Amino acid sequence: MTTRATRTPRRRTVVALAVILSILAAFVVRLVDIQVVKADEHVAQSLEFISKGTAIPGQRGPITDADGAVLAESVNVYDAQLSPQVIRLLEEDEKNPPALPWAEASTRIAEIMGLDAEKLRADVAAALAANPDSQYFPLVKGLSTEKYIELRDLKVSSYLTMKPREVRVYPNGAVAGNLLGFLDGAGTAQAGIEKMDEKCLAPTDGEESYRTGKNGVVIPGSESRVDAVDGGAVQLTINSDLQWYMQQMIAEEAQTQGAKGGTVTVVEVATGKIRAAAEWPTMDPNDLDASSSDTWGSKLFTYPFEPGSTFKAVTAAAIMENAGVTMTSPTVSASSKEKFDNGAVINDAFVHPTFQYTLAGALIDSSNVALSKFGTMVSPDVRYDYLQRFGVGTRTVDFPDEAGGLLHPTSEWDNQSLYTTTFGQYFTVTAPQLAGAYQAIANGGEKIGLSLIESCTTPDGEVIAPEAPAHDQIIKPETAADLTRMLENVAVQGGNAERIQVPGYRVTSKTGTAQIPDGNGGYKAGVYYTSMVGFAPVDDPQYVVVVTLDEPTRVTSSAATASAFQKAMTQTMKTYRVMPSSTPMDALLPKFE
């Protein structure tokens with residue numbers, strides 16, 4: 001028989017057990033709800049945060065010259081900073097003093113960074129006085145790897161941190177600076193080869209990523225890593241030694257002549273490769289602030305000008321191949337100023353009586369009147385076709401912002417331009433286009449597209465050559481030979497003959513004196529854009545040289561370029577060890593009948 005005394009504890013036990021079972025049942029129901037009924041929802045909620053680690057930066061590829069000399073490269077530098085608070089805490093810890101006390105460490109740090117040790121200690125003390133919990137005190141930015149290693153070896157990383165960053169450096173400074181271009185502060189290419197061949201040079205950044213729950217704990221097995229791919233190496237056709245010389249020389253010559261600027265272009269005849277593209281003013285991409293922004297591009301590629309008399313050779317080619325004209329016949333009667341039937345008035349640059357000019361003589365004396373009469377022996381459409389063949393209106397290497405030059409259709413040629421187009425006016429070219437035109441003459445009439453980039457070498461060693469340049473036979477080989485002979489006579493019989501001689505070498509030349517637009521439909525008075533172009537040796541043409549000067553004031557005619565042309569051609573022959581001419585010049589061509 002159960003007594004009241006025994007029933008009470010048993011009842012309590014049953015109640016307690018019931019409560020416990022109820023709680024367990026609730027947990028089971030909740031567990032089933034979480035893990036079964038709403039499992040997908042809760043998993044998704046737990047993984048809704050996806051964290052990505054810092055990007056793994058790749059390194060931008062280098063730019064080298066034709067011989068592999070580095071012209072641009074990316075290097076790591078380090079920005080150093082201190083934590084004054086950690087320095088204070090370490091110095092105040094009497095039980096565990098730092099291995100290198102701050103007094104000694106600061107002296108070593110200052111020595112490595114080139115700072116004043118006493119000033120460094122005073123500045124840190126001042127930072128602590130202002131804020132005992134100060135965590136940031138900047139030191140020096142842009143430390144080299146060598147300095148980084150020296151500082152790292154001090155073993156004071158608890159308060160000295162050095163954050164790495166990549167910077168673009170140009171070891172040769174301003175050498176080819178206008179060609180190379182530069183990057184902005186974000187590492188984006190802004191000009192030059194840096195922009196032109198961005199596809200090769202640019203790296204592909206890698207990435208580290210992982211998943212976390214809401215509490216920020218990394219989920220095991222969720223980590224992933226994609227390694228960065230460095231940029232490729234761009235090799236140029238430029239010879240950096242020759243480039244350096246040409247830049248120094250044209251800077252000196254331009255300033256001697258009181259010019260605003262000058263350029264030198266050197267092209268290899270057999271390949272169309274640009275071996276030098278020098279200009280002044282120039283810029284050092286390491287220090288853009290040292291030059292004005294209008295020098296940050298390449299005027300050599302972006303400034304079109306009327307070529308003037310240098311393109312009389314193109315007119316000669318057109319009439320020789322289409323009007324039966326030879327170097328010495330027929331002749332034309334030309335005075336120094338004539339008015340034509342359509343009302344156009346043409347002047348020569350010098351006063352002379354009426355001469356019965358041969359074509360060779362018209363080129364030697366650079367007679368505008370004679371060329372006007374010779375040139376109109378063929379139709380405007382024929383001459384337009386030859387201007388196109390020789391590259392007018394077509395970009396050369398697709399340099400950033402490169403000008404293609406302006407060639408008006410013949411329907412826009414008026415009474416005056418009908419004649420002025422025979423001697424290089426009413427259309428524009430760039431210096432590389434002018435070099436390309438003479439490359440074709442020197443190469444037996446075969447025009448080869450110019451090139452500035454030799455190759456791109458990928459990080460895994462694959463060498464990718466650009467598309468081969470076009471080869472076009474634009475004039476007959478015999479026409480090119482006759483043009484070469486006449487241009488050699490220009491060099492020997494022309495007004496600059498003594499100033500452009502290159503001892504041991506037979507040379508061609510042709511000058512150009514271009515009027516400069518004033519922006520109002522006319523031309524500036526008394527100032528010109530002068531040029532001289534030629535190739536050597538005549539008996540085995542190897543290199544074309546083009547020199548330009550922008551508004552020379554000491555000598556305003558194309559004679560201002562003579563000294564620079566002679567120096568540029570001489571140095572080119574020396575640089576490439578070109579064999580001197582081995583055959584004598586043919587008999588001089590007659591200028592008049």
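Arginine 275 and glutamate 268 form a salt bridge in this predicted model, with their closest N and O atoms 3.2 Å apart. Both partners are buried: that goes for arginine 275 and for glutamate 268. The pair belongs to a structure that holds 20 salt bridges. Below is a quick tour of a few of these, then an open five-stranded sheet, the helices packed on it, a helix pair and one threonine.

**Salt bridges**

- Lysine 524 and glutamate 551 meet through their side chains, with 2.9 Å from N to O.
- That pair ties together parts 27 residues apart in sequence, because lysine 524 sits in strand 20 (residues 523–536) while glutamate 551 sits in the loop between strand 21 (543–550) and helix 19 (562–575).
- The two ends differ in how covered they are: lysine 524 is partly exposed, its relative accessible area being 32%, whereas glutamate 551 has 10% relative accessibility and so counts as buried, the cut-off being under 20%.
- There's also a network to look at: Arg60, Arg168, Glu194 and Glu198 are joined into one by salt bridges that share partners.
- Aspartate 227 pairs with arginine 225 in another salt bridge, and here the closest N and O atoms are 2.6 Å apart.

**The five-stranded sheet**

- Reading across this open sheet, the strand order is 10-9-21-20-19, and the pairing is antiparallel.
- Which strands stand at the edges? They are strand 10 (274–280) and strand 19 (510–517); each has a single partner strand, so one side of each is left without a neighbour in the sheet.
- From one strand to the next, the twist averages 15 degrees.
- As a general reminder, sheet strands pair through backbone hydrogen bonds, in either a parallel or an antiparallel way.
- Strand 19 and strand 20 are an antiparallel pair with seven bridges between them.
- If you want a spot to zoom in on, alanine 514 stands opposite tyrosine 529 of strand 20.

**Helices on the sheet**

- Helix 10 (residues 240–256) packs on the sheet and touches strand 9 (261–268), strand 10 and strand 21.
- The direction of helix 10 makes about 35 degrees with that of strand 10.
- Helix 17 (residues 431–442) also has several strands under it, lying across strand 9, strand 19, strand 20 and strand 21.
- Relative to strand 21, helix 17 runs at about 150 degrees.

**Helix 12 against helix 18**

- How do the axes of helix 12 (residues 312–322) and helix 18 (residues 477–493) cross, and what is the angle? They come within 10 Å and cross at roughly 135 degrees.
- The two helices are therefore oblique to each other, helix 12 on one side and helix 18 on the other.
- As for handedness, helix 12 passes helix 18 in a right-handed crossing.
- On the helix 12 side, the residues that meet helix 18 are Ala313, Ala316, Ala317, Met320 and Glu321.
- Helix 18 brings Thr479, Asp482, Leu483, Met486 and Leu487 to that meeting.

**Threonine 302**

- Threonine 302 lies in helix 11, which covers residues 299–302.
- Is threonine 302 buried or partly exposed? At 29% relative accessibility, threonine 302 counts as partly exposed.
- Leaving aside residues up to four places away in sequence, threonine 302 touches Pro400, Asp401, Glu402 and Ala403.
- Threonine 430 is 128 residues from threonine 302 along the chain, yet their C-alpha atoms are separated by 7.2 Å.

Notes:
Residues are numbered from 1 along each chain as its sequence is written. This is a predicted model: local features need pLDDT of at least 70, side-chain atom pairs count only at pLDDT 80 or more; totals for chains, interfaces and linings use all residues. Side-chain values use heavy atoms; hydrogens and water are left out. A salt bridge is a side-chain nitrogen of Lys or Arg within 4 Å of a carboxyl oxygen of Asp or Glu. Buried means under 20% relative accessible area, exposed over 50%, partly exposed in between (1.4 Å probe, protein chains only). Helices (H or I, at least four residues) and strands (E, at least two) are DSSP runs, numbered from the N terminus. Two strands pair if DSSP finds at least two bridges between them. Axes are lines fitted to C-alpha atoms, for helices over the stretch in contact, and angles run from 0 to 180 degrees between N-to-C directions. Contact means heavy atoms within 4.5 Å. Angles under 35 degrees count as roughly parallel, over 145 as roughly antiparallel, 65 to 115 as roughly perpendicular and the rest as oblique. A crossing is left-handed if the near helix is turned anticlockwise from the far one by less than a right angle, and right-handed if clockwise.
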